[in-house]
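Trainee: I keep hearing words like "buried" and "in contact" and I never know what earns a residue the label. Could we go through one together?

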Amino acid sequence: MASLDALPFTYTFDPASTALLVIDMQRDFLEPGGFGETLGNDVGQLRRTIEPTAALLAACRAAGLTIIHTREGHLPDLSDCPPAKLNRGDPSLRIGAPGPMGRILIRGEAGHDIIGELAPAPGEPVIDKPGKGAFYATELGEMLTAKGITSLVVTGVTTEVCVHTTVREANDRGYECLVLADCVGSYFPEFQAAGLSMIAAQGGIFGWVAESPAFIAALQSTLSRT
Ligand code: TIU
């Protein structure tokens, strides 16, 4: 077992039953010229997560931790996109519309890809999800059960949307979730702060919050003991 200082109290985990879940680090959300920036968002708020996440991935790979990536996106015929999700915002910027990196949030398009800096390594599963949460209409739950995973270290974008929805889904399913503050990002600084506060509030209503160097140090301390 390993543990680290976290909010609201110490987070304890067994690396054998812990997975790193990297949410939606896709080109359309993070790259200049992508969908997110086209909507007027400051992608710099998300891009600050790239470097710490790359270091985290390297440490988790070295430790042999289970690593799972997700991507938000839809089938080209949009049959998996409910009208309620589709019919939001400016029609020219909706899901499936032509964007700067191909059709927006459509599987197989360039903008749907995970950014090169954080490309999944061979053998690391990539969950394609049609919703904001990673459990809804995906194989994630079955995959975690099959691997014996009970703890999730969650990173990715955006803090208040897909990270939060996933952590809430996971918490209700009994997973112990640690969110790494420097590895999650929001286009809106106030949502970043509130999103993180909401996770650890009320005695850890949705989980724990810490910084990635503390998690990496805890992970490495268990390796040096074995
Ligand atoms: N991955 C994810 O968070 N999807 C979004 O649509 N996020 C926004 O903040 N829009």
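Mentor: Sure, let's begin with contact: two residues are in contact if their C-beta atoms, placed from the backbone, lie within 7 Å. Keep in mind that this is a predicted model.

Trainee: Then which residues is Thr66 in contact with, leaving aside its neighbours within four places in sequence?

Mentor: Thr66 is in contact with Ala19, Lys147 and Ile149. Thr66 itself lies in strand 4.

Trainee: What makes Thr66 count as buried?

Mentor: Compare the count with the cut-off. A residue needs 20 or more other C-beta atoms within 10 Å, and Thr66 has 21 C-beta neighbours inside 10 Å, so Thr66 counts as buried.

Trainee: And how do you know whether Asp24 and Gln202 are buried or exposed?

Mentor: Same recipe. Asp24 has 26 other C-beta atoms within 10 Å, so Asp24 is buried. For the label "exposed" the count must be 12 or fewer; Gln202 has 9, so Gln202 is exposed. Asp24 sits in the loop between strand 3 and helix 1 (27–30), while Gln202 is found in helix 8.

Trainee: What is the phi of Asp24, and what is that of Gln202?

Mentor: Asp24 has a positive phi of about 55° although it is not a glycine, and Gln202 also has a positive phi of about 55° without being a glycine. Those values catch the eye because most residues other than glycine have a negative phi.

Trainee: Which peptide bonds are cis here, and how do you know?

Mentor: Look at omega. Between Leu7 and Pro8 omega is about 0°, and the bond is cis; Pro8 is in the loop between strand 1 (2–4) and strand 2 (11–13). From Val157 to Thr158 the bond is cis too, with omega near -10°, and Thr158 belongs to the loop between strand 8 and helix 7.

Trainee: How do you know that strand 3 and strand 4 pair?

Mentor: Pairing takes at least two bridges. Strand 3 and strand 4 have 5 bridges, in the parallel sense, so the pair passes the cut-off of two. One bridge has Val22 facing His69 in strand 4. Strand 8 and strand 9 are parallel as well, over 6 bridges, and Gly156 stands opposite Val184 in strand 9.

Trainee: In what order do the strands of the open sheet run?

Mentor: The order is 7-4-3-8-9-10, with 6 strands and parallel pairing.

Trainee: Why are strand 7 and strand 10 called edge strands?

Mentor: Strand 7 (126–129) and strand 10 (208–210) each pair on one side only, and that earns them the name.

Trainee: What makes strand 9 "mostly covered"?

Mentor: Of the 10 residues in strand 9, 8 are buried. In the largest nonpolar core, Leu21, Leu178, Val179 and Leu180 touch the most other members, and strand 9 gives the most residues to this core, 7 of them.

Trainee: Last one: how does the reach of helix 7 compare with what is expected?

Mentor: Helix 7 (residues 159–172) has 14 residues and reaches 18 Å from first C-alpha to last, close to the 20 Å expected at 1.5 Å a residue. Its buried residues include Cys162, Val163 and Val167, and what covers the buried ones includes strand 3, strand 4, strand 8, strand 9 and helix 8. Helix 7 runs at about 170° to strand 9.

Note on methods
Residues numbered from 1 in each chain as written. Predicted model: local features only at pLDDT ≥ 70, side-chain atom pairs only at ≥ 80, totals over all residues. Helix = DSSP H or I, 4+ residues; strand = E, 2+ residues; numbered from the N terminus. Expected span 1.5 Å × (residues − 1). Core = buried A, V, L, I, M, F, W, Y, C linked by C-beta atoms within 7 Å. Axes fitted to C-alpha atoms, helices over the stretch in contact; angles between N-to-C directions.
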